[in-house]
Amino acid sequence: SAVLAEGYPGGFSAIYPVFTHLEETGRLRRGYFVEGLGGSQFALPGAVDRLRTDPPRQLTVLAATDPANPYGATLPWPEVEEARLARDAGAYVFLWEGQLVGYLDRGRRHLTVLAEDMSIYGNLGRVLSEIATRHRRTPVNTVNGRPAPASPISPALAEWGFATAPR
């Protein structure tokens, strides 16, 4: 699925012989690692053990186009009325224990919060402030389609340095 999402010429069948060779030399493992995906799955030897462990309780931020982001490639995007979630360059995804809890569009104007647990809002505010330090502007105007100052995450954003602007 990831090969298809990345648009690799020839798709999976074009790189299958390479993966088979890497398996024969002990650099990859073939198996059925992720339920619901095709039968020919390959992974690094240590990846199998990492899949079996509990994920760390932390917020992970990825570029929406990062191959490590499973949404829009291996997993479908959740249905959201107020936003269009996509693997756009410049957009970010926020994962909590592997689950999608937030999405920031490529213009950094519209935040979609999918988390039902408000206790992670502080973590979202922190990582949004880190994103803001890398970009000249991060004008989060809306949260879930509503003005950002009126959203439940607004106090967490203010705590991490976001402020209401005239516009």
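**From chain to core**

In this predicted model, the chain is built from five helices and eight strands. Following the sequence from its start, the reader meets these elements in the order α-α-β-β-α-β-β-β-β-α-β-β-α. The C-alpha atoms occupy a box of roughly 60 × 35 × 30 Å when the chain is laid along its principal axes, and among contacts between residues at least 6 apart in sequence, 48% join residues at least 24 apart.

Turning from the outline to the surface, the chain exposes about 10500 Å², and carbon and sulfur atoms supply 52% of that area. The side chains include 17 positive and 17 negative ones, with the centres of the two sets 9 Å apart.

Of the 167 residues in the chain, 37% are buried, and some of the nonpolar residues join into cores. The largest nonpolar core holds 22 residues, and the ones with the most contacts inside it are F94, L104, L111, V113 and I153. Two or more residues of this core come from each of β4 (92–96), β5 (99–104), β6 (110–113), α4 (121–134) and α5 (154–159), and α4 gives the most, with five residues.

A useful residue to look at is L104, which, once its neighbours within four places in sequence are set aside, is in contact with A91, Y92, F94, H110, L111, L128, I131 and V140. Apart from the largest core, there is a second, separate core of 12 residues, among them L62, V80, A91 and V93.

How values were computed. Residues are numbered from 1 along each chain as its sequence is written. This is a predicted model: local features need pLDDT of at least 70, side-chain atom pairs count only at pLDDT 80 or more; totals for chains, interfaces and linings use all residues. Side-chain values use heavy atoms; hydrogens and water are left out. Helices (H or I, at least four residues) and strands (E, at least two) are DSSP runs, numbered from the N terminus. Buried means under 20% relative accessible area, exposed over 50%, partly exposed in between (1.4 Å probe, protein chains only). Contact means heavy atoms within 4.5 Å. Accessible areas come from the Shrake-Rupley method with a 1.4 Å probe; for residues, only the protein chains shown count as cover. Lys and Arg count as positive and Asp and Glu as negative; His and the chain ends are not counted. The place of a charge is taken as NZ of Lys, CZ of Arg, CG of Asp or CD of Glu. A nonpolar core is a set of buried Ala, Val, Leu, Ile, Met, Phe, Trp, Tyr and Cys residues joined through side-chain atoms within 4.5 Å.
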